[in-house]
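Reader: Hi! I'm new to reading protein structures. Could you walk me through this one?
Author: Happy to, let's bring it up and take your questions as they come.

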Amino acid sequence: MLSWTFLTLGIAMGSYWAYYELGWGGWWFWDPVENASFMPRLAGTALLHSALVMEKRNALKIWTIFLSIITFSLSLLGTFLVRSGILTSVHTFASDPTRGLVILALLALVIGGAFFLFALRASSLRQGGLFAPVSREGALIVNNLFLATAVGAVLVGTLYPLLLDALVGTTISVGAPFFNLTFGALMAPLLVVLPFGPFLARKRADIMAAAQRLMGAAALAIFLTILISALGGISISLAPLGLLLGFWVAFGAIAELADRSKLGRIPLGESWRRLAGLPRSAFSTALAHFGMGVTVLGIVATSARETELVTTLNPGETAELSGYSIAFDSFGQTAGQNYVADEGHFTITAPDGKTRPMIAERRTYVATGTPTTEAAIETYGFSQLYLQLGEPLDDTHVLRVWYKPYITLIWLGAADGRRRLPVADRPADADRRAQARCPADTGARRMIWLRALLLGLAMSSALPALAVGPGEILTDPVLEQRARDISAGLRCPVCQNQSIDDSDADLARDLRVLVRERLVAGDSDEQVRQYLVDRYGEYVLLNPRLNEHTILLWVAAPLLLLVGLGTLVIAARRRRLGDAGKMDDDEAAVLAELQDGNKRAD
């Protein structure tokens with residue numbers, strides 16, 4: 001649990017670092033290094049649930065040990081991918097092929113030794129207690145099935161381009177569009193069944209009784225989803241489904257605590273005493289599931305309602321976005337310890353009339369000449385205003401602003417409601433940068449809420465900050481939207497796993513202009529993509545086409561799911577036939593106690 005918690009914390013910090021520091025405005029990009037940290041966390045989450053079955057029913061011993069080996073092996077694999085230099089990512093550091101070979105040798109030794117011992121000892125483990133498919137243990141197995149399949153899907157998507165290039169010499173890209181589709185398809189059904197688990201009895205349960213106890217949560221989730229959609233707050237097709245799932249999971253967690261405290265069925269004071277007397281495991285489960293729902297809601301709200309403004313401003317001018325007024329107060333240059341920076345000072349006027357200062361920078365580090373962006377972020381409730389100072393354009397300045405509604409809900413799973421921790425500015429900046437409020441507090445007691453940090457990606461991905469300049473935007477909004485949709489799926493050939501909409505590279509800018517020129521000329525979306533494929537190859541597509549080289553990539557996730565389902569069905573049938581008429585350990589203990597009592601009575 002401790003290692004899982006620290007891994008979760010690391011992923012949360014990395015996500016916010018990408019959002020805050022890179023200036024792209026996104027919080028998860030399905031970057032290979034991000035995936036390398038995500039896979040052991042998924043496997044670790046499955047392991048925690050599997051361990052519950054082993055603890056309570058003395059079952060799934062072999063599977064739990066297997067998951068333990070897989071989880072640790074994936075953490076070593078992540079170290080190898082980050083340090084060896086075989087992956088291109090903004091997150092790779094200290095890459096050294098020699099060091100990579102050492103880590104690879106360690107990987108082979110540890111994994112090979114672990115699986116060798118596992119093969120020797122697995123047959124000696126007893127099966128343990130029996131339980132019906134419809135039971136709390138059965139729900140935990142369903143959880144393991146989808147999480148394990150998700151691990152396999154992410155692993156295949158991450159390593160497939162490397163293997164394909166090494167084996168057949170074909171270069172492809174596997175990016176966010178592929179992962180959003182495959183991972184989302186796996187996580188959506190898991191979110192549907194998740195609230196049922198705590199309502200199911202151990203060993204054998206009544207699914208209809210559990211459904212009846214969840215009717216209130218379901219009704220409230222449906223009502224709020226319809227209400228929000230009817231008010232026009234959602235504009236993309238999957239958003240209502242995402243909202244429904246988020247509310248369903250969150251209200252299901254609340255319903256669990258309400259049911260266990262018998263709220264509404266006994267006097268309120270007695271319900272409160274029952275609630276206070278519940279074991280900590282009940283609260284941790286409810287908080288974990290509630291955090292998952294909150295995170296899904298944050299992802300859906302941000303993806304569906306985010307607005308952007310790309311414009312040019314000079315000091316003294318003002319722009320408007322989503323009811324916020326952005327006044328460009330002044331522009332100047334400053335020098336830090338090892339960098340020089342262009343610095344813009346802005347005043348934000350919120351819809352309620354209150355004003356706040358913001359400072360955004362474009363830095364250049366003297367030693368390497370590397371340019372970076374220091375975005376200005378201001379939090380309003382659960383939402384944030386995200387401001388990026390773009391590159392100079394003639395005698396004016398490019399300004400990119402995003403309003404991200406409810407984005408802090410994504411990190412709220414890590415919150416300890418008793419305190420807030422601000423993002424620490426560097427000492428050299430503390431006296432002149434506006435203080436940024438951090439939406440992610442670090443209460444360790446509720447870190448388990450972050451099990452949903454990326455699981456919420458099931459419905460949609462965070463919309464990245466776009467590098468589109470004001471002069472590139474088409475006047476026809478329909479054509480411009482088509483250009484954005486196409487550009488989001490095209491990889492910048494000279495960048496580190498970025499789409500051409502994310503990148504400020506000159507080639508990315510040229511490709512964005514080319515896409516718009518082709519659309520204005522009358523090309524269809526597919527003709528535009530094919531034109532770029534003819535020039536740069538399949539590598540330019542972040543969502544690979546289905547062909548003889550990628551068929552294994554596309555069938556991996558459904559095939560793994562089918563294999564898992566088949567294995568469960570076969571194992572259940574064999575066990576039912578082999579154990580017919582047998583008692584498990586608990587039943588045997590009860591029978592022995594009854595027989596002993598009868599003997600004493602005689």
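Reader: Which residue in β6 is the bridge partner of R362?
Author: T373 is the bridge partner of R362 there. One thing to keep in mind as we go: this is a predicted model.

Reader: Thanks! How many bridges join β5 to β6?
Author: There are 4 bridges between them, and the two strands run antiparallel. Strand β5 covers residues 355–365.

Reader: What order do the strands of that sheet come in?
Author: The order is β2-β3-β4-β5-β6, so to speak a row of 5 strands in an open sheet with antiparallel pairing. β2 (318–321) and β6 (371–374) stand at the edges. Each of those two has a single partner strand, so one side of each lacks a neighbour in the sheet.

Reader: And by how many degrees are neighbouring strands turned against each other?
Author: On average by 25°, ignoring direction.

Reader: What holds strands together in a sheet, in general?
Author: Strands pair through backbone hydrogen bonds, and the pairing can be parallel or antiparallel.

Reader: New topic: E391. Which strand is E391 in?
Author: E391 sits in strand β8, which spans residues 383–393.

Reader: Is E391 buried or exposed?
Author: E391 is buried, because its relative accessible area is 18% and the cut-off for buried is under 20%.

Reader: Which residues does E391 touch?
Author: Leaving out residues up to four places away in sequence, E391 touches R362, V398, R400, D504 and R509. You met R362 a moment ago, as the bridge partner of T373.

Reader: And how far is E391 from D342 in space?
Author: Their C-alpha atoms are 9.5 Å apart, while 49 residues separate them in sequence.

Reader: Okay, now the outside. Which residues make the nonpolar surface patch?
Author: L546, I551, L552, V555, L559 and V563 make that patch, which is about 560 Å². L546 lies in the loop between α15 (525–536) and α16 (551–578). L546 counts as exposed because its relative accessible area is 62%, and exposed means over 50%.

Reader: Zooming out, how many helices and strands are there in the protein?
Author: The protein has 17 helices and 9 strands. Of its 602 residues, 48% are buried. About 28600 Å² of the protein is exposed, with carbon and sulfur atoms supplying 63% of that.

Reader: Last one: what share of the contacts with a separation of 6 or more comes from residues 24 or more positions apart?
Author: Those pairs account for 67% of such contacts in the protein.

Key: Residues are numbered from 1 along each chain as its sequence is written. This is a predicted model: local features need pLDDT of at least 70, side-chain atom pairs count only at pLDDT 80 or more; totals for chains, interfaces and linings use all residues. Side-chain values use heavy atoms; hydrogens and water are left out. Patches are made of residues with over 30% relative accessible area and no salt bridge: like charges are joined within 9 Å, nonpolar side chains (Val, Leu, Ile, Met, Phe, Trp, Tyr) within 5 Å. Accessible areas come from the Shrake-Rupley method with a 1.4 Å probe; for residues, only the protein chains shown count as cover. A salt bridge is a side-chain nitrogen of Lys or Arg within 4 Å of a carboxyl oxygen of Asp or Glu. Buried means under 20% relative accessible area, exposed over 50%, partly exposed in between (1.4 Å probe, protein chains only). Contact means heavy atoms within 4.5 Å. Two strands pair if DSSP finds at least two bridges between them. Axes are lines fitted to C-alpha atoms, for helices over the stretch in contact, and angles run from 0 to 180 degrees between N-to-C directions.
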